[in-house]
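Hello,

Here is the structure I promised to pass on to you. Please open it first, and then read on for what turned up in it.

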Amino acid sequence: MTLRFAPDDISLPQGHYIGGRYRAAAGELALTRPSDGAGFADCPVADAALVDEAVQTARAALKSSNWAGIRPRDRLKVLHAWADLMLAEAPRLARLEAVASTRPVDAAAAGDIAISAEQIRFFAEFADKEGGDVVPTDDGSLGMILSEPYGVVGAIAPWNFPISMAAWKLGPALAAGNAVVLKPSEMTPFSTLFMVELAERAGLPAGLVNVVLGNGPVTGNAITGHPDIAKVSFTGSTGAGQAIMANIARHGIKPMTLELGGKSPQLVFADADLDLAGRCVAAGITSNAGQACVSGSRLLVHESVADALVGRIAAAMAALEPGTTWQGGTPFSPIISARQLDRIDSIVQAAVAQGADVVCGAERFDRPGFYYRPTILSGVTETSPAVTEEIFGPVLTVQTFASEDEAIALASHPTYGLCAGVFTRDLSRAVRVTRAIESGTVWVNRYNRSLDHILPTGGYKSSGLGKDLGRAAYLANRRQKSVLIGL
């Protein structure tokens, strides 16, 4: 069923959400709808005092509910009930997602929400299946490794997939027995607020998750620097990740999980299925209008098939028509803001000025809202700003190679190592190239995340620290204590 709604008629959650209730606050940040450029709401900014209140509320809720100490199976049941409610409330949750973000309402309802609910179920199952160990010692001792939650986890989520990113943070942290203070992006807070309402309706103790709204310099810094937040999880740009690391270091030492930027290559060899590769490469850079850290923004293609492949990709891009996120059936998303739209165009024009050739795009759509035409730039060098910088838009660069070694050398980016794609019918080559690429994830003859949540995601180099998803994400929300008892 196709979802549609009138954006001005939707009721938006208001204020911070602390201790199971909304806290009214004056909006300091004006919010603009990406689909039509209209102002529609304001977002308040939580200062250090309010963040501290949220942290203390989370600590008190953790103690009074004994969330970490109840039967792990009971935590599992609450999380499963939460996932059920997310699916039941998918139409409203999708509308709250779509009105402020770049996510079309249909894609949010059928994709983001369903996948996020399944991820919450996935992490819930670890609650009563992962624990400590009794380790071998001499007869006079008993050695144990205890697994414990951290306590209060600070989480900061980005704007590009608000529901999904909130689920990435909340699912493993809660399953592992922690409380959470969560800051969604100031541009897309509404679906996250409703998600936490649903969690409490499902039986999560009030105050165990508190949502504080605000920006990075004020609210984000208050979270990452708070002494009673024991661990930090962040998804966003590499620059913001560096700032978070610096702020944590200024205030002490604590573990962190950082999923950061990417400039991911897609390597297409001469023996590849070009129809498959063309579809995957086009989708890998135009999905969510390229506003994903895993976007496959660098096409590296064997010189003998470059023209044929680029023609296929350009044809697929030309068929994409933009639409508002609330109309239903929208095939191509807007850019999140006028500022980001300007940034995308400035990088493209700088690359063209340095000699890049425009295959298609390289301009804005002439319509209300923030839309950029899917763009292909060929003739770029390794120093082109379109190659060196994470653009976070629907911009694909093309470089050719003559040998496997040259392809691997081009794939290595000096800054990023998040994801990569390899297209070849030669299994031996696929394994060799996969091993050689410095990247946290490599897809072969496909380009997207798997719905199998057991696979962790996270990058090399400046693309991040630690892993989201998979068993690794659950374990990242637990800490170990070694115990040795003399008998």
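A right-handed β-α-β unit is formed by β18, helix α14 (residues 427–436) and β19. Please keep in mind that this is a predicted model.

Within that unit, β18 and strand β19 (residues 441–444) pair in the parallel sense, with 4 bridges between them. If you want a spot to look at, A420 has V442 as its bridge partner in β19.

β18 also has a parallel neighbour in strand β12 (residues 265–268), and 3 bridges join the two. Here you can pick out L267, whose bridge partner in β18 is V422.

How much of β18 is buried? The strand spans residues 419–423, and 5 of its 5 residues are buried. In a regular strand, side chains point alternately to the two faces of the sheet. For β18, one side carries C419, G421 and F423, the other carries A420 and V422, and both faces are covered.

For a contrast, turn to the surface. Which residues make the nonpolar patch there? V134, L142, I485 and L487 do, and the patch covers about 380 Å². Among them, L487 sits in the segment after β22 (478–486). L487 counts as exposed because its relative accessibility is 70%, and the cut-off for exposed is over 50%.

I suggest beginning with β18 and its two parallel partners, β12 and β19, and then moving on to the patch with L487.

Enjoy looking around, and write back with any questions.

Best wishes

Key. Residues numbered from 1 in each chain as written. Predicted model: local features only at pLDDT ≥ 70, side-chain atom pairs only at ≥ 80, totals over all residues. Heavy atoms only, no water. Patch = residues over 30% accessible without salt bridge, like charges linked within 9 Å, V, L, I, M, F, W, Y side chains within 5 Å. Areas by Shrake-Rupley, 256 points an atom, 1.4 Å probe, with all protein chains shown as cover. Salt bridge = Lys/Arg side-chain N within 4 Å of Asp/Glu carboxyl O. Buried < 20%, exposed > 50% of the residue type's maximum accessible area, 1.4 Å probe, protein only. Pairing = 2+ DSSP bridges. Right-handed = clockwise from strand over helix to strand, strands pointing away.
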